[in-house]
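Biologist: Before we look at any detail, could you take me through how one reads the interior of a protein model? I would like the general idea each time, and then the case at hand.

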Amino acid sequence: MRFFMPATLAFIGCLSLPASAQENLSVEELANLFQKQKAAFNEASNNGLGKSRGLKLVTVSDAATPQPAADTTVVSTATGSTPSDPNMPLEATPVVFGQLDPELQVNLRISFEFDSAALAESEKTKLEKICQVLQQSDIELMRIVGHTDTSGTAEYNERLSTLRAQEVARHLTDSCGIAAERLETIGMGERFPANTADTRADENRRVEFQALS
């Protein structure tokens with residue numbers, strides 16, 4: 001089993017704020033949230049309990065293996081092409097995943113076209129504050145997590161969520177100058193809906209950021 005601690009360890013559960021409200025958070029406010037995440041991950045990994053105030057570590061037995069950003073697939077955003085077939089199987093392995101309480105979550109809605117992992121120009125502006133936080137902070141490792149709604153099969157959704165997380169990482173490295181070793185990507189598919197009452201709701205299609213260390 002792979003266990004991802006803060007030193008070797010992105011939007012989860014129910015939203016603490018509506019996506020539109022979170023987009024209005026300042027760089028300083030986002031940085032403060034990420035520092036609180038780091039503290040929670042550090043405590044949970046060191047206290048032997050697998051949890052801390054605001055965080056519970058959950059084992060996902062069949063998740064796709066997290067990938068360092070250096071290994072992500074390059075997506076042609078110029079052509080809008082999807083990097084690979086979302087129906088293609090992924091290597092699955094147990095992963096310990098951090099489920100944050102709403103007050104520690106950072107949620108942004110990154111919209112993708114149906115069946116696509118290409119990041120549209122109109123969506124890149126939503127990542128500007130994340131870029132600034134990473135450029136200015138001491139965050140060593142940020143995990144980028146893709147999430148989907150429950151339309152389609154679970155296997156397809158996991159693949160698609162992985163590709164979308166990889167595309168966001170590619171943007172952060174190529175356009176923001178963030179070192180690839182500071183980023184890790186994983187897809188959680190439909191497992192952690194933001195809207196548990198309507199698992200097909202639009203807000204479930206999102207990308208999450210977690211500051212692990």
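Modeller: What follows goes from the overall fold to the cores, then to one helix and one residue. Please keep in mind throughout that this is a predicted model.

Biologist: Which helices and strands does the protein chain have, and in what pattern along the sequence?

Modeller: One begins by listing the elements in order. Here the protein chain has five helices and eight strands, and, read along the sequence, these follow the pattern α-α-β-β-β-β-β-α-α-β-α-β-β. Of its 213 residues, 51% count as buried, while the chain exposes about 9,500 Å², of which carbon and sulfur atoms supply 49%.

Biologist: Which residues of the largest nonpolar core touch the most other members, and which elements supply it?

Modeller: A core is read by its members and then by the elements they come from. This one holds 29 residues, and Phe34, Ile144, Leu172, Leu183 and Phe209 touch the most other members. Helix H2 (27-46), helix H4 (128-136), strand E6 (142-147), helix H5 (154-176) and strand E8 (206-211) each supply at least two of its residues, with H5 giving the most, namely five. If residues up to four places away in sequence are not counted, Leu172 touches Ile130, Cys131, Leu134, Ile144, Gly177, Ile178, Leu183 and Phe209. There is also a second, separate core of ten residues, among them Ala40, Leu55, Leu141 and Leu212.

Biologist: Which residues of H4 are buried, and why are they said to line one face of the helix?

Modeller: One looks down the helix axis and asks how widely the buried positions spread. In H4 the buried residues are Ile130, Cys131, Val133 and Leu134; seen down the axis of H4, they fall within an arc of 165°, so they line one face of the helix. What covers them includes H2, strand E5 (107-108), E6, H5, strand E7 (183-187) and E8.

Biologist: How do H2 and H4 cross, and which residues meet there?

Modeller: A helix pair is described by distance, angle and handedness. The axes of H2 and H4 come within 9 Å and cross at roughly 60°, and the crossing is right-handed. Val27, Leu30, Ala31 and Phe34 in H2 meet Lys129, Ile130, Gln132, Val133 and Gln136 in H4.

Biologist: Finally, is Met142 buried or exposed, and what is it in contact with?

Modeller: For a single residue, one reads accessibility first and contacts afterwards. Met142, found in strand E6, counts as buried because its relative accessibility is 0%. Leaving aside neighbours within four places in sequence, Met142 is in contact with Phe34, Leu134, Arg182, Leu183, Glu184, Phe209, Gln210 and Ala211. The C-alpha atoms of Met142 and Thr185 are separated by 8.6 Å, although these residues are 43 residues apart along the chain.

Terms used
Residues are numbered from 1 along each chain as its sequence is written. This is a predicted model: local features need pLDDT of at least 70, side-chain atom pairs count only at pLDDT 80 or more; totals for chains, interfaces and linings use all residues. Side-chain values use heavy atoms; hydrogens and water are left out. A nonpolar core is a set of buried Ala, Val, Leu, Ile, Met, Phe, Trp, Tyr and Cys residues joined through side-chain atoms within 4.5 Å. Buried means under 20% relative accessible area, exposed over 50%, partly exposed in between (1.4 Å probe, protein chains only). Helices (H or I, at least four residues) and strands (E, at least two) are DSSP runs, numbered from the N terminus. Contact means heavy atoms within 4.5 Å. The arc is that of the directions from the helix axis to the C-beta atoms. Accessible areas come from the Shrake-Rupley method with a 1.4 Å probe; for residues, only the protein chains shown count as cover. Axes are lines fitted to C-alpha atoms, for helices over the stretch in contact, and angles run from 0 to 180 degrees between N-to-C directions. A crossing is left-handed if the near helix is turned anticlockwise from the far one by less than a right angle, and right-handed if clockwise.
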